[in-house]
Each structure stands twice: as C-alpha cells, then as structure tokens.
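Dear colleague,

I am handing over the structure we spoke about, and I would be glad if you could look through it with the notes underneath at hand.

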Amino acid sequence: MTNRKRILNPKFKYQRPVLTDVLPFEVPPSFSNGGFFHFLTKHNVKIKLKGDETRVEWECGTNEVDAVISVIFGTLPQNSNNFCAKTVKHDGNDVYKRNWTIVQKWTKPFQFKISHKENDYRQLTVIHPRNQLMVADFYHRNSAQILFQCERSDFSIRRPSSVVKSTKFSDRVCITTQPIGHDAIEEAGKEYENLGSYFSYKSYSNIFKFYEHYKYHNAEKKFGKLLKLDVSKCFDSIYTHSMPWTTLSSAAVKSTKNSIKQSQTTFGGRFDNLMQCMNQGETNGIVIGPEFSRIFAEIILQGVDRKLEDKLILTNQLYHKKDYGIFRYVDDYFIFHNSNSNAEKISRHLEHLLKEVKLNLNMAKLERFERPIITNLTIAKNKVSKIFTDHLIIDEKEDAPKDGGNVIKFYSLKTRQERLIVDFKTVLVESDVKYKDLLNYALSAIERRAQKYFISYKKTPDSHQKPKQLTKSMIGILEFCFFVYAASPRVNFSVKLTRIISSMVDGLHRLNVPRDEKQQVFKYIFDNIKRES
C-alpha cells in the first residue's frame, strides 16, 4: 500500500505562497518569512473581497493581535463602522472571526542590491507583508486562470503547469522520480520531499538542463543554425497595463473609457492592479525577485509568442517546427533555422511585437551559431563533468567471503581534490571561460555528486562502511568548493555553497557517522566560513 506523508497541513494551503514566492536565495541573509507565515496560519489570516472593498479577516479569542493586524494591513480604526466580529468554533473553542477594511493597498517594497556583473548590481525586492498575503489570495482565486494563460505558447520551456501537491507519496515510484540535489523550482513529473514552489514547472527548472536535453539536440539536427536573442531589461521595462492587453486585446481595452474600467475587473486587470499595489502604484517595471513576477512576465511573453507564430504564417508562410524552431526560457529566445533570411524575418517581427508591450530586444547580446552549435561554456561544462567523474570517485566493489557465502557488494569513496582544482583551472584557461560563468554549473554538479556519495555509503553493508573514507571525501569536496567560491564570491554562489554544506551536515547526521569523524568535517566548515567572512 502506498504511504503518504502530508508536507503541508491542508488548511494552510491558502497562506502557502507567503513561503514559496519569497525564496531564501532572493532575500537578504538575515530575512525569513517563517515567523510571518506562522502568524498568518495561527490566526487564519485571509484577504476577503466585499464589493469594492478589500478586507483582512482573522480569528482570535481576544483582541491581542488587533494592533498587529492594523499595522501590517493598514486598516481603519477598530471603532469604525467597518469593524465586524462574529463567534466561530475553532478546534473546539470559541474564537472571534474579525475583519477590517484595508484602506491603503499600495505599499513601498524593500529593495536591496546584489553583485550581478563585474561592475554592476542587480536590485532585488521583498514586497510588503500586506501584499504577500494579497499574492496568496490572488493565487487562491486565480490559479486555474494562471495555468490556462501559461499554456498558450509552444515556444515556452519554463512555465507553470500545475499546482504542486502538499502530499508526498513514499513508494518506489516516488524514489525513482525524486531529484538528486535541490531544484530552485519544482518540475512536473518529480516528487519532492520538502515544500517547494507553489506551481510545478514545465519543462526545465534551469537553462542548463535544456542545453543537455534531446529537444535541443533534435533542433540542431533539423536546423543547422541558431540565433540567440534576449529581451532587454525585461522586468525593469514591463508596462503593467500590458497584462490586460495580452489576456484580452489591446484594441478592446483601449477602445473606450468604459472598456478600460471594465478590464480592471478581469483576470488581467486584477493582476495588473496587484503588481501596482506592491510597487507604490508604479506601472513602468515590476518588482524583481519573487516568482509571481516571472509568472507575470511569462503570461505577457506568451501573448507575444502566439502573435509571432501567427504573424509568421500569415505574412511569410513560415511554420513552427517545419521552417524554424523557437524555444523561449523566460526572456531568452533560441531561434533555430536553416536560412539567415528567415532568421531576420523572425527577429524583425519579434522586435515589433515586443514593442507593442513596451519591451525591446537587446541587440548587444545577439549571438549567432552554426552547426556544430556549441559554445565555449558548453565545452567547459562537458570538461568539468569529466573531471568530476575522474576525481570524485565512487567505485563499486565485491567481497567474496572465504566461507563461500554470498558475495557482498560495497562502495569505495575517494576524492582527489588537488587534481580536481588544477584540472578545473585548466578548463577555464583552455575554454576561455571565467569563474563566474562556470561556477553555477560546477557547484550544482558538486552538490549532486555529494548526494551520490551518501547514497552509495548507505547502500554499503555496515560491515564494509568506512566512515573515515566518507568524511575525508567530504572534506575534499569542501576544499574544492571553498577554493572556487573564493574566486567569485557572489550571492547565488553563496546560496549554493550553503546548500552543499547543509546537505552534508544532514547526511552525516542521518547516516549516524561517528561523532569524532563528523567533527572533523564540521571543524573544516567552521574554519573556512570564518576565513571567508
């Protein structure tokens, strides 16, 4: 019989986006939404719409949280006519269900900068707690519409495909479909041990998986050339009113003053209004960081994709998958083709359609490739994959007992960290690739490899387990990680290094490795973190 384990209490499903759309690697290190989520679930705080009013509703046996609610949600005073309270049963106890009118929905987000390029920064955002709950309410009411709007384009290779379940199935199928390591977002068709993104995504959780997938290779086999295009400052440039234009039509929305007002009650209009509320009413540009901003951009770009495909058929008699092949990952376009003339037609139409929604192509990032379609970065990643296989060694061995019993299979673990570091630097020089370009892939690959060490150790019978061998291998992996991190200490690399350390600590505890052996790893981690800080 299939065993099930509830990851998230079903009654907390409403508040779930407060955790899933404000991810740890997109906020300052000292920030956590855990306490806010606990407060919301403890008092069952929700957003309620009543006519033109937006209200906040919560449950509490006393008035002890009223002041907190008032500060967070900007409500009218308690003694106003907008205050309501009624008694309800909650876990067998009488509690008051209260609701107050939210007066001002517009808020100023907290913005902070992270290192992005050599002499450039990227500004990320944490939206006000009030709007975080409004996002949760929007998902609750409109998840089906979001999924529908994200299924319109055949070009998109990263889009929401379903709402993630809050139940884990503990059976053989679950084990075979669990990913090794961690994905930033959950992929359709995989089971996850922990709570991840609100939506599961199709088809790729990161762009590197696309480069290695058969779809990419099939496109190269069918079309001998590739044109790569990038939308310039996509999130900074998006015009929020483009959402109702996309989900309805710009002509219909702009036709009369009444049409514009009526469009605000539609899905596109409500999403537009939500994005303005969290950014002080700004219509030019959306907040950068939270996942719902990517969903907002995805819906708008799906509309562009549909128009582009129709335009190419009507104007140039060019058919997708026959005369060209397009893949879009967020705001990056990959146009496979056999004719430079067709590629120019496609890019020209794309540029025109993007301008209709106030976006532009970044022609400075335009890249052209011909078969064999491979970049220096891809070459470097292939070489790195090989040196990881050569120097992060997991050998399957057999031991035949002298008494003629059953053959025992076990695993021998070893890390050649000195050669690993030297060969990694050699790859960078030979491929003309910088640390910052390769580190994301390298640390992700290291994380997956470290998990394989733990899996192999667990499969080894107790009689043949060698804890010292495991901890020595972990220290070797950490030596490589800290070395390459020191060459390019950026926020996203810090997150990946932290995840590697966290998974190692959890693995050593889970496998009951002797205390003295574990302490060697912990001491190495402590010394290096202290040195980096």
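Helices (H or I, at least four residues) and strands (E, at least two) are taken here as DSSP runs, numbered from the N terminus. By that numbering, lysine 365 sits in the loop between helix 14 and strand 15. Please keep in mind that this is a predicted model, in which local features need pLDDT of at least 70 and side-chain atom pairs count only at pLDDT 80 or more, while totals for chains, interfaces and linings use all residues. Residues are numbered from 1 along each chain as its sequence is written, and side-chain values use heavy atoms, with hydrogens and water left out.

For exposure, buried means under 20% relative accessible area, exposed means over 50%, and partly exposed is in between (1.4 Å probe, protein chains only). Lysine 365 is partly exposed, because its relative accessible area is 39%. Its C-alpha atom is separated by 9.0 Å from that of serine 232, although the two are 133 residues apart along the chain.

The sheet around that loop

Strand 15 belongs to an open sheet of 4 strands, which are arranged in the order 13-14-12-15 with antiparallel pairing; two strands pair if DSSP finds at least two bridges between them. Strand 13 (324-329) and strand 15 (367-370) stand at the edges with a single partner strand each, so one side of each has no neighbour in the sheet. Strand 13 pairs with strand 14 (residues 332-337) over 6 bridges in the antiparallel sense, and phenylalanine 327 has phenylalanine 334 of strand 14 as its bridge partner.

Aromatic pairs

Rings of Phe, Tyr and Trp (its six-membered ring) pair if their centres lie within 6.5 Å, and planes under 30 degrees apart count as stacked, over 60 as edge-to-face and the rest as tilted. The structure holds 20 aromatic pairs. One of them joins tryptophan 58 and tryptophan 100 edge-to-face, at 5.0 Å centre to centre and with 85 degrees between the planes. Tryptophan 58 lies in strand 3 (residues 53-60) and tryptophan 100 in strand 5 (residues 93-101), so this pair ties together parts that are 42 residues apart in sequence. Both tryptophan 58 and tryptophan 100 are buried.

Phenylalanine 110 and phenylalanine 112, by contrast, form a stacked pair, with 6.0 Å centre to centre and 20 degrees between the planes. Phenylalanine 110 is partly exposed, with a relative accessible area of 49%, whereas phenylalanine 112, at 14%, counts as buried. Back at the sheet, ring pairs link Phe210, Tyr216, Phe327, Phe334 and Phe336 into a cluster.

Glutamine 132 and tyrosine 139

Glutamine 132 is part of helix 4 (residues 129-149) and counts as buried because its relative accessibility is 3%. Contact means heavy atoms within 4.5 Å. Apart from neighbours within four places in sequence, glutamine 132 is in contact with Val18, Val22, Asn33, Phe36, Val126 and Ile127.

Tyrosine 139, when residues up to four places away in sequence are not counted, touches Pro17, Asp21, Ile146, Tyr198, Phe199, Glu291, Phe292 and Ile295. A nonpolar core is a set of buried Ala, Val, Leu, Ile, Met, Phe, Trp, Tyr and Cys residues joined through side-chain atoms within 4.5 Å. In the largest such core, which has 76 residues, Val45, Ile69, Phe73, Tyr139 and Phe271 touch the most other members. Helix 13 (residues 291-316) gives this core its largest share, 10 residues. A second, separate core has 44 residues, among them Ala450, Ile477, Tyr485 and Leu511.

With best wishes
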